[in-house]
Amino acid sequence: MELTIECKSRDPKAKPNALRRQGLLPVVLYGHDGTESVSLTVDQHEADMLLRKAAVNNTMIDLKIPDLSWNGKALLREVQSHPWKNLVYHLSFFAVKAQDAVEVGVALNFIGEPTGVQNEGGVLNTEVNEVTVKCKAIDIPETIDVDVSGLGVGDSLTVADLVLPEGAVVAGDQTQTVATVLQGRMAEPTGDGDSPTAAAAEKLAAE
């Protein structure tokens, strides 16, 4: 997913709370010029719309700064919110080049129904819902599909089994379990070894 947002340079004397009262959100951009950072503002409404679709360290954003004559690609690095109010207070972006390698968090999308669930009464247990992927900035996947349909009871998938875009790798332990199919909970037998249903039937017959 790629989004666009326009920012303006921020007066260094401007107070953050005063900007917010004007409907502007303080923003910082890193990485566009070595270790230098630049202070910006963005319209609060536009920021809110962006955050409905963008995810931290996942979504490539086309950042435009007309009064600085700079346009470029950036990742949303941080969203600061008020500790108890449902308000965003500050955004941080990190500029990247299209061919730069970046590490981003990517959600896993589990697809299919395991045969162990369909035919063996098993239960699918997902242990990881997101992995950190290293890839080119232009190749960041929105999600990674994980097909669990072939799993029987006792089978599992690990990080090494994930199908990634060409050139992408998962940072971290490749042996970590992503999903497994567990044996379903069976009905507990009664004291004489009969099932609860059989025991009830015998009770009715004796009455």
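# Burial, charge and contacts in a predicted model

Tutor: In this predicted model, Ala-179 sits in strand E14, residues 177–182.

Student: Why is Ala-179 called buried?

Tutor: Buried means under 20% relative accessible area. Ala-179 has a relative accessible area of 0%, so the residue is buried.

Student: How far is Ala-179 from Leu-151 in space?

Tutor: Their C-alpha atoms are separated by 9.2 Å, while along the chain the two residues are 28 apart.

Student: What makes Val-27 a buried residue?

Tutor: Val-27 has a relative accessible area of 0%. The limit is under 20%, therefore Val-27 is buried. Val-27 belongs to strand E3.

Student: Where is Val-27 relative to Cys-7?

Tutor: The C-alpha atoms of Val-27 and Cys-7 are 8.2 Å apart, with their positions 20 residues apart in the numbering. Cys-7 is also buried, because its relative accessibility is 0% and the limit is under 20%.

Student: And how do you know that Cys-135 is buried?

Tutor: By the same cut-off: Cys-135 has 3%, which is under 20%, so Cys-135 is buried.

Student: How many disulfides are found in the whole structure?

Tutor: The search returns zero disulfides. A pair of cysteine sulfur atoms would have to lie within 2.5 Å to count as one.

Student: What makes the contact of Asp-62 with Lys-64 a salt bridge?

Tutor: The closest N and O atoms of Asp-62 and Lys-64 are 3.6 Å apart. The criterion is a Lys or Arg side-chain nitrogen within 4 Å of a carboxyl oxygen of Asp or Glu, so the pair qualifies. A search of the whole structure finds one salt bridge.

Student: Are the two partners buried or partly exposed?

Tutor: Asp-62 has a relative accessible area of 17%, under the 20% limit, so Asp-62 is buried. Lys-64 has 28%, which lies between 20% and 50%, so Lys-64 is partly exposed.

Student: Which residues gather in the patch of negative charge on the surface?

Tutor: The patch is made of Glu-6, Asp-43, Glu-46, Asp-48 and Asp-67.

Student: How do you know that Asp-43 is partly exposed?

Tutor: Its relative accessible area is 33%, and partly exposed runs between 20% and 50%, so Asp-43 fits that class. A patch member needs over 30%, so the 33% of Asp-43 also meets that requirement. Asp-43 is in strand E4, residues 36–43.

Student: What is notable about phi of Asn-57?

Tutor: Phi of Asn-57 is near 60°, a positive value in a residue other than glycine. Most residues other than glycine have a negative phi. Asn-57 is in the loop between helix H2 (44–51) and strand E5 (60–65).

Student: Why is Asn-57 called partly exposed?

Tutor: Because its relative accessible area is 23%, and that value falls between 20% and 50%.

Student: What makes Ala-95 buried?

Tutor: Ala-95 has 9% relative accessibility against a limit of under 20%, so Ala-95 is buried. Ala-95 is placed in strand E7, residues 88–96. Ala-95 and Leu-63 are 32 residues apart in sequence, with their C-alpha atoms 8.6 Å apart in space.

Student: How do you know that His-32 is partly exposed?

Tutor: His-32 has 28% relative accessibility, between 20% and 50%, therefore His-32 is partly exposed. His-32 lies in strand E3, residues 24–33. The C-alpha atoms of His-32 and Trp-70 are separated by 9.0 Å, although the two residues are 38 apart along the chain.

Terms used. Residues numbered from 1 in each chain as written. Predicted model: local features only at pLDDT ≥ 70, side-chain atom pairs only at ≥ 80, totals over all residues. Heavy atoms only, no water. Buried < 20%, exposed > 50% of the residue type's maximum accessible area, 1.4 Å probe, protein only. Patch = residues over 30% accessible without salt bridge, like charges linked within 9 Å, V, L, I, M, F, W, Y side chains within 5 Å. Areas by Shrake-Rupley, 256 points an atom, 1.4 Å probe, with all protein chains shown as cover. Lys, Arg positive; Asp, Glu negative; His and termini not counted. Charge placed at Lys NZ, Arg CZ, Asp CG, Glu CD. Helix = DSSP H or I, 4+ residues; strand = E, 2+ residues; numbered from the N terminus.
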